Amino acid sequence: MTAIASPPARSNTSILTVGGLLAAVFLWSLYTVSQTTDIIMNVHAWIFVLMTGIGLAGLLIWGGSVQDKNIFDQTKYEDTIVKFGVAVSMFWGLVGFLVGIVIALQLTWPNLFYFSELGWTNFGRLRPLHTSAVIFAFGGNVLIATSFYVVQRTCRTRLAGGMWPWFVFWGYQLFILIAASGYVLGVTQSKEYAEPEWYADLWLTIVWVAYLLVFLGTIWKRKEPHIYVANWFYLSFIVTIAMLHIVNNLSMPVSWTGTRSYSIYSGVQDALTQWWYGHNAVGFFLTTGFLAIMYYFIPKRADRPVYSYRLSIVHFWSLIFIYIWAGPHHLHYTALPQWAQTLGMTFSVMLWMPSWGGMINGVMTLSGAWDKLRTDPVIRMMIVSLAFYGMSTFEGPLMSVRAVNALSHYTEWGIGHVHSGALGWVGFISFGALYCLTPWLWKRPGLYSIRLVEWHFWIATIGILFYMISMWFAGIMEGLMWRAYNEYGFLEYAFVETVEAKHISYIIRMLGGLMYFAGAGIMAYNLVRTALGHRAAQSDNLSVASQPSAAPAPAE
């Protein structure tokens, strides 16, 4: 680990507090197991028993080691947790992409990929599993891992909280396990991006508050006076997601030992709250968090300063103030009052300015180092991610305009838009960060194979284009067919005809997803070989000199 100019400290208080929390959850889980008549709640309670029991056993081992050595050595960065984050990010990414291919196959050939005796394989259960796996399992772990790495380097101090960062990491994995098993078992509260039931939401709230306190504590004890802009973006992501999660998931359980609950909202108020949450989950989970990655890893990889630090500050505050109001554009032509719909549309259009300002700032950071686009495919991947960010943040406001929304909403156009941002922006900037972190954390001179990164880049990029273009074509065609009337004033096409017309597009979409998954598989292989210290032939690493050193901290 990298040395920090700070005196050593020894504390086991965090072990005791984390242990107390785990013990409380362990006892609640045992009580629930003994009292519940809900089969699925029984399964989830046993998962809590198992995981918290393992956690308590681990703490006993760690607690014993405190007497012999300082396991929270303040003179070293806590990089082991970031290594774990890199590993689980890649694992959950592959899982999420694979489930996406399965449900794409189900939509394309439903007669072949429908299994009536296996309810957990139905599209209705696998679709939220795919969504949560790629957003919260893959994306969330990338954000946690990179934020823990970046905040230590830019603050020149070890993560605050002792054992609490580990609680955040493993607690988040437990949430993913509970949520994913709930989907396939058929228990959700039917809210987009917020499907887990009340007890999973409550557990995530505890984990997320701990995450916030760890991040704030690290900034509080920083040795670097300036708070780098990436930390502002990470902090906005953590704080706003906490607020969104709590407000949107306010509900009353039917039983404290059962899975079911009822939202405290109803009707149009529930819809507005859900899409205030849903759109800002995109805005603050899938945008500001990954912009933090962009503001650290692109300058670091390119070995260039941020193009305009002043623009980054303007980008931050304008994005924060505008994005939070954009959610109602999901509810055009509904019972929501039209003034609220117009408010969401107006703020969505205003988002063009800060979004493109951030994109330009990231791309122009390569000023004086444009040759790296040719020699370093990792840089190329991150810059292309900004191109997708710019495109999707142009398309989103366009689709929020009421006249355009009348054509695009409920069609495959929305699916193409979401995946251009998810696969192109979030996926590529995450891949770039993982490609950077692996040799840095494992102290390798470079990646196992630069040529494999090239293959990953081109296969995944072509896959994204297949996906986007096919869904744009299908969506616009679908919208036009839905609004076509014959001379008698009746609909020209039956719904099943619109489904049939999309079949070729569905095949192309599935092939695009398959290519994207293949690229991720190549990446996983490359990262594992890098972590193991393997090296490809010298001719396969001609660009290795463009990679930064294994100690990338700007403030070290």
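A salt bridge, as I will use the term today, is a side-chain nitrogen of Lys or Arg within 4 Å of a carboxyl oxygen of Asp or Glu. With that in mind, and remembering that what we have here is a predicted model, a search of the whole structure finds 9 salt bridges, and I would like to walk through some of them before turning to a nonpolar patch and a single threonine.

Let me begin with Glu78 and Arg158, whose side chains meet in a salt bridge at 2.9 Å, N to O. Glu78 sits in the loop between helix H2 and helix H3, while Arg158 sits in the loop between helix H4 and helix H5, so this pair ties together parts that are 80 residues apart in sequence. Glu78 has a relative accessible area of 7% and is therefore buried, and Arg158, with 4%, is buried as well.

The next pair is Glu454 with Arg380, where the closest N and O atoms are 2.7 Å apart. Here distant parts of the chain are linked, since Glu454 belongs to helix H16 and Arg380 to helix H13, 74 residues apart. Glu454 counts as partly exposed because its relative accessibility is 21%, and the cut-off for buried is under 20%; Arg380, at 11%, counts as buried.

The last pair I want to show is Glu412 and Lys502, which form a salt bridge with the closest N and O atoms 2.9 Å apart. Glu412 is in helix H15 and Lys502 is in the loop between helix H17 and H18, so to speak two distant parts of the chain, 90 residues apart, that the pair links. Which residues are joined with this pair into one network? Salt bridges that share partners bring together Glu412, Glu478 and Lys502.

Turning to the surface, a nonpolar patch of about 620 Å² is made by Trp458, Ile462, Phe466, Ile504, Ile508, Leu511 and Leu514. Helix H16 and helix H18 are the elements that give two or more residues to this patch, with the largest share, 4 residues, coming from H18. Ile508 is found in that helix, H18, and its relative accessibility of 32% is why it counts as partly exposed.

Finally, is Thr288, which is found in helix H8, buried or exposed? Thr288 has 0% relative accessibility and so counts as buried. The side chain of Thr288 reaches the backbone oxygen of Phe284 at 2.9 Å, and, leaving aside neighbours within four places in sequence, Thr288 is in contact with Phe233, Ser236, Phe237, Gly283, Leu319 and Ile320.

Methods. Residues are numbered from 1 along each chain as its sequence is written. This is a predicted model: local features need pLDDT of at least 70, side-chain atom pairs count only at pLDDT 80 or more; totals for chains, interfaces and linings use all residues. Side-chain values use heavy atoms; hydrogens and water are left out. Buried means under 20% relative accessible area, exposed over 50%, partly exposed in between (1.4 Å probe, protein chains only). A polar contact is a pair of N or O atoms within 3.5 Å; within protein, one must be able to donate a hydrogen and the other to accept it, and residues adjacent in sequence count only if both atoms are side-chain atoms. Contact means heavy atoms within 4.5 Å. Patches are made of residues with over 30% relative accessible area and no salt bridge: like charges are joined within 9 Å, nonpolar side chains (Val, Leu, Ile, Met, Phe, Trp, Tyr) within 5 Å. Accessible areas come from the Shrake-Rupley method with a 1.4 Å probe; for residues, only the protein chains shown count as cover.
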